[in-house]
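Could you walk me through this model, one selection at a time? I have it open in a viewer and would like to know what to click on next.

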Amino acid sequence: MANEEVHVEYVRLGNTGLKVSRICLGMMTYGNPALRPWSLEQDAAEPFVRQAVESGINFFDTANVYSRGRSEEITGALLTQYTRREEVVLATKVHGEMGPGPNDRGLSRKHIFDQVDASLKRLGTDYIDLYQIHRWDYSTPIEETMEALHDLVKSGRVRYIGASSMFAWQFAKAQYTADLHGWTRFVSMQNHYNLLYREEEREMIGQCLDMGVGLLPWSPLARGVLTGNRTREGQKLTDRARTDAFADSLYTHPSDFDIVDRVAEVARERGVSPAQVALAWLLHKPGVTSPIVGASKPGHLKDAIQSVELKLSEGEIRRLEELYQPHPIAGHS
C-alpha cells in the first residue's frame, strides 16, 4: 500500500477521465537478458514492481516487442501478485517485428488483431487499458489502422488508444481520420522528450496541447545519459550504457554533455540527484502527464517519485534549458 514517506500524485490522462500516477513504471527493463544484456528477469524485477505498487504508482507501460513478449509476461505475473487488475492502468504497444513472416509487423488489421490477442494472453488479462501504436506504419493506410483500433475498443479488449513517436502531420492525419469516420481518437502521445532532445517542442507538443492529448515521454533521462552513465570522453560506466546501442544513435550532439554538467550543477545546489532534477524539469512542462521511467537499481524509483515534489524555480529552468542546440529528428524508427 501507499508508502507514507512519498506522495504520488494522480492526474487525468489528457482529456479522458482516466487517472494515472505522475510517474509510469516502464517495463522494458524487465525481460530476457539473452536478448538485452541489461534486462532483469522476473525474480530480479519483483522488488521494483512491489516498490512501485506500494508507493502508489498505478501506471505500467510495456510492449509486445520488449524481449519478444517476455516483458509482458513478467508485467502480468508481478502485477497479479501485488495488486488487483482494477487498480492499475496497464499499457502495451503494437507495431514492431514479432516473427519472420510478412504480416508479423506493422499496423495492418491482421497484425493488430493477432498481436492484441497475444498480448492479452501474455499479460494474463482480458483487457488493455491503453493500447498504443509503437511507430507510424508507412505501408498501411491510416484508415485501416484507425478502424481496427476502434473495433478493439468497441469489442472491450482495449479501453483507450495511444500513439508514439511520429511527425506531427502524421498524428494530425490519424486524429482527423478518426473524427471523419466517428472512430476512437488517440488520447496519448508517447514521445521522445527530455533535456537532451527537445525537438518535440516545435510542433508535436503544441498540437497535443491543442487536442487535449496527454504526453507520456519515453527516455526521460536520455537512457541514463542525464544521470552520468557516460562521460564526455566516451567512457560507458554502466552495463546499460555499454550494451545499449540505441542510445549511441540518439545522444551524440556536442552540446549534450554541457547539459549533463548543468543538470549535475543544479542537483548539487539543491542537494538532490541529477535524475530528480531532469525528471522535475520534464514534469514542469505543459501537457506532460507521466514520464515513463525505468528502474533497475534500488534508488531509481525513489528518485522518480521524489522528483514529483521537486519544484524548480524559473531561474533553474532557464539554466537547464539555455545550453540546448537543435538536434536532428531521432526516435521515429
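Start by selecting Arg135 together with its surroundings. Beyond its neighbours within four places in sequence, Arg135 is in contact with His95, Leu107, Ser164, Ser165, Trp218, Gly331, His332 and Ser333. Bear in mind as you look around that this is a predicted model. Arg135 itself sits in the loop that runs between β6 (128–133) and α4 (142–155).

Which side chain of opposite charge is nearest to Arg135? That is Asp61, 9.5 Å away, and Arg135 has no salt bridge although it is buried. Now zoom in on the polar atoms. The side chain of Arg135 makes a polar contact of 3.2 Å with the side chain of Ser164. A polar atom of the Arg135 side chain also lies 3.0 Å from the backbone oxygen of Gly331.

Next, select Arg85 and Asp129. Their side chains meet in a salt bridge, 2.9 Å from N to O. This pair ties together distant parts of the chain, 44 residues apart: Arg85 belongs to the loop between α2 and β5 (89–94), and Asp129 to strand β6. Are these two partners buried or exposed? Both Arg85 and Asp129 are buried.

For another pair, go to Arg105 and Glu97, which form a salt bridge with the closest N and O atoms 3.2 Å apart. Here Arg105 is partly exposed, at 37% relative accessibility, and Glu97 is partly exposed as well, at 39%. A search of the whole structure finds 23 salt bridges, so there are others to look up if you have time. 

Move on to helix α12 (residues 314–321) and colour it by burial. Its buried residues are Glu316, Ile317, Leu320 and Glu321. They lie on the same side of α12, because the arc they cover around the axis is only 130°. Turn the helix over, and the face directed away from that buried side shows the exposed residues Glu314 and Arg318. What covers the buried residues of α12? The cover includes α9 (256–270) and α10 (274–283).

Stay with α12 and add Glu269 to the selection. Glu269 forms a salt bridge with Arg319, and their closest N and O atoms are 2.9 Å apart. This pair joins helix α9, which holds Glu269, to helix α12, which holds Arg319, across 50 residues of chain. Arg319 is partly exposed, with a relative accessible area of 23%. Widen the selection to Arg262, Glu265, Glu269, Arg319 and Glu322, and you have a network of linked salt bridges.

Now pick the cysteines. How many disulfides does the structure hold? There are 0. Cys24 is in no disulfide, and the nearest cysteine sulfur, that of Cys208, is 16 Å away. That distance is too far for a bond. Cys24 is buried, at 0% relative accessible area, and Cys208 is buried too, at 1%.

Finish with two backbone details. Ser67 is not a glycine, yet has a positive phi of about 55°. You will find Ser67 in the loop between β4 (59–61) and α2 (70–82), and at 6% relative accessibility it counts as buried. Then select Ala222, another residue that is not a glycine but has a positive phi of about 55°. Ala222 is placed in the loop between β9 (214–215) and α7 (239–243), and it counts as buried at 0% relative accessibility.

Key. Residues are numbered from 1 along each chain as its sequence is written. This is a predicted model: local features need pLDDT of at least 70, side-chain atom pairs count only at pLDDT 80 or more; totals for chains, interfaces and linings use all residues. Side-chain values use heavy atoms; hydrogens and water are left out. Helices (H or I, at least four residues) and strands (E, at least two) are DSSP runs, numbered from the N terminus. Buried means under 20% relative accessible area, exposed over 50%, partly exposed in between (1.4 Å probe, protein chains only). The arc is that of the directions from the helix axis to the C-beta atoms. Contact means heavy atoms within 4.5 Å. Lys and Arg count as positive and Asp and Glu as negative; His and the chain ends are not counted. A salt bridge is a side-chain nitrogen of Lys or Arg within 4 Å of a carboxyl oxygen of Asp or Glu. A polar contact is a pair of N or O atoms within 3.5 Å; within protein, one must be able to donate a hydrogen and the other to accept it, and residues adjacent in sequence count only if both atoms are side-chain atoms. A disulfide is a pair of cysteine sulfur atoms within 2.5 Å.
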